[in-house]
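Here are some notes from a read-through of the model, set out as numbered points. Have the structure open while you go through them.

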Amino acid sequence: MSRILETFIACYHERFLKQTPTFDATLLGFLKKLQYVLLDESHLPSAQLTYALEQLQIRSEEPMKVAITGQFSSGKSTFLNALLAKNILPTGITPVTSKVNYIRYGDAFKIRVHYKDGRDEYHNIATIARFTDQRENVEDIAYLVLYAPLNILKDIVFVDTPGLNSQAASDTQTTEKVLREVDGIIWLTLIDNAGKMSELHVLEAYLGKYQNKSLCVLNQKDKFTEAQVSQTEEYVKTAFKEFFSDVIPISARQALESRSHDKKVMMQERLDAFMQSLHVKLEKSGDKLDFAQIEQDFKAYEASLDVILQSDLGANLELLKASNIDKVLDFIRNEIQPKATQSKEFAIKKEIEEITGKLIAQHELFIAIYDQLLNEILRFESEATALFTDLKGKFSHDLKSAFMRIEQIIDTIADAIYNQVTREKKVRYEARKEGFFSKRIAYAPFEYLAPKINSDLIYKNLFYDDNVIGKMFKQYVRSLGAIQNEVNDKNRLVYRSLEHGILKWQAPYEIIRKSEALHSDIEFANLRRFASKVYETILKPFNDEIADSYAKISSEFNHLSSAVSFNYQNATEVCVAFLENKIEKSLKLYEENPTKFSLYQPKIEEIKERLRTAFHLYELENMMNTRHTFLSKDYDRLIVHFQEIKDAKVAFIEEKKARHSKFIEQITLLVNEIA
């Protein structure tokens, strides 16, 4: 249980209490900080960005690079062997090096062969000619890295290149690319070739822009007199000053021959030879080891070391001095290296600016994309509010017109009823005394005209013969249906405006791909996913409101239609019955006491009022003929709800934008630190 708790606490600390590491003020420290920030999982970094930042750090930590170049057969490999004080690279009368060789420091001698398909192979250094000699089958090889435990390589990476006058265009292109990347260039030429037109053309084509980091080395000075060497040196310095910072004549052969001046080098060579011999014997011996022979070989190895330690190397030192090779090394250390450090820092800073600029551009692109969507939503909400306001006024007027048609129908019915209110003769009997002194009561008849409603004729005229009222109500229902359909169509058109704009926004971003390798694959995948779901994310809430409005107003229109169209005959009969009943009651009261009660005579306004009540017209008036019709209320609701949805979507998109703005701010702060 305690172990589980410890694991939980450790995970919690790592996830929620992660402390920001501190970084020193060096360029390397800044690069580590850059990786810490930009490769944080919140940035969703691409593999290409990770690789680019790792390469920058490697570049900042690795030694300076010095390229050895020149025309074919100028002795580049021999010269490099002289600089390294060891015969490592293959040499020959015909051009040999056809691949770029990076010569780096390593704990042991070995070569790494990098193929064009991405494979890496490690081999014994003795087999290097198989992979670099153009006379071999090396088409599939991209470049080689030669590792050697030589002190000079701790500070310098030498790059052995194919010549710039190669018949193979790819070799020349490869060398051109290398020259752009290295910190220093040593142009190697033979003294008797220096200054020829063929060489001038090559220099003009390839080295014109590298003067500040280029050295011209004139090889084979041992074959000429001091005067000849000096004359050639001065000529090259004058004629080719735009290409080189300095010109140094050397003898690579003398330098190689004098390498034995360094007793450590000689002792290392003896050790390498002894270990190689021992390795061969161990492989061949199998189970039977000749320990006596091994002991004898070891004693011979010790004896050779004693000879080296006791030897006088003065002649070799003189030969080394005559070779002038140390002047080349001095130029590298005193001229190229200081400039290389500045140049490397400048180049790395420029690369940082490019990388961060591309990342900022990515986030600015996303902000711009979300702004497009945001503007579309804001445009629509503003447009919808204006349209709904206009539609509210239009359809309120249409509803009032529909209500007036009901009033007209009621007026028609009222007129039909009123026209059938007639008078008929009736007789009433009034009690009277027969004489002044008589107590006998006699009943005398009195004629009068009583109101009468001819209901059968009313119904016949209104409902049976031409069905005038039925036709009027059918027309009324059709007009309501037309209003309803137009309302729904107009509302749908309002939504279609948003749908059209959003789908137009969606089209390019549903298939968008990153155009810059450093950009985040996941960010673009998330954008594609967001764009593909834009209906659910953005459109659906607006569409749901339109659908809800459709359901509500359909219900209200159905109520308006059924309220009168299915009840008009019954409402008329109720009105007529009411009038007949009232007439009948008035007759009865009148006959009982004519002096007190009068006969009831229906008036047109009273008939209309009774019909309005029977038709529930006052309820309909609240729905159709006020400042707040049911359509007005629905449009007010739509405007409010659309504003609420807009506010929610704006906040949602602004949150997405804020994330990218935060990243831009972080990156900008980093860039300002290195500026």
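1. First, the inside. Keep in mind that this is a predicted model. A search for enclosed space turns up one cavity of 30 Å³ or more. The largest cavity holds about 70 Å³ of space.

2. What lines that space? Around the largest cavity you'll find Leu38, His43, Leu44, Pro45, Leu49, Leu359, Gln362, His363, Leu518, His519, Ser520 and Ile667. Sorted by class, the lining has seven nonpolar residues, five polar ones and no charged ones. Helix H13 (residues 325–419) supplies the largest share of this lining, with three residues.

3. H13 is worth following further. The axes of H13 and helix H16 (residues 521–532) come within 12 Å of each other, crossing at roughly 10 degrees. An angle under 35 degrees counts as roughly parallel, so H13 is roughly parallel to H16. On the H13 side, the contact uses Gln362, His363, Leu365, Phe366, Ile369, Tyr370 and Leu373. H16 answers with Glu523, Phe524, Leu527 and Phe530. By class, that contact has eight nonpolar, two polar and one charged residues. Two names should look familiar: Gln362 and His363 are in this contact and also in the cavity lining.

4. Next, the other partner of H16. H16 packs on helix H17 (residues 534–565) with the axes 5 Å apart and an angle of about 40 degrees. Here H16 is oblique to H17, because 40 degrees is not under the 35 degrees needed for roughly parallel. Phe530, Ala531 and Ser532 of H16 meet Val534, Glu536 and Thr537 of H17. The residues of this contact split into three nonpolar, two polar and one charged. Phe530 turns up here as well as in the contact with H13.

5. Now a strand residue. Is Thr189 buried or exposed? Thr189 sits in strand E7 (residues 184–190), and its relative accessible area is 3%. The cut-off for buried is under 20%, so Thr189 is buried. Leaving aside neighbours within four places in sequence, Thr189 is in contact with Ser74, Ala194, Glu199, Cys216, Val217, Leu218 and Asn219.

6. Last, a residue to set against Thr189. Val574 belongs to helix H18 (residues 568–592). With a relative accessible area of 44%, Val574 is partly exposed. Val574 and Ala614 are 40 residues apart in sequence, yet their C-alpha atoms are 7.0 Å apart in space.

Notes:
Residues numbered from 1 in each chain as written. Predicted model: local features only at pLDDT ≥ 70, side-chain atom pairs only at ≥ 80, totals over all residues. Heavy atoms only, no water. 1 Å grid on protein atoms, 1.4 Å probe; cavity = no way out; pocket = protein on both sides within 12 Å on 5 of 7 lines; lining within 4 Å. Points joined across faces, edges and corners; volume = space filled by probe spheres on them. Helix = DSSP H or I, 4+ residues; strand = E, 2+ residues; numbered from the N terminus. Nonpolar A, V, L, I, M, F, W, Y, C, P; charged D, E, K, R; others polar. Buried < 20%, exposed > 50% of the residue type's maximum accessible area, 1.4 Å probe, protein only. Contact = heavy atoms within 4.5 Å. Axes fitted to C-alpha atoms, helices over the stretch in contact; angles between N-to-C directions. Parallel < 35°, antiparallel > 145°, perpendicular 65-115°, else oblique.
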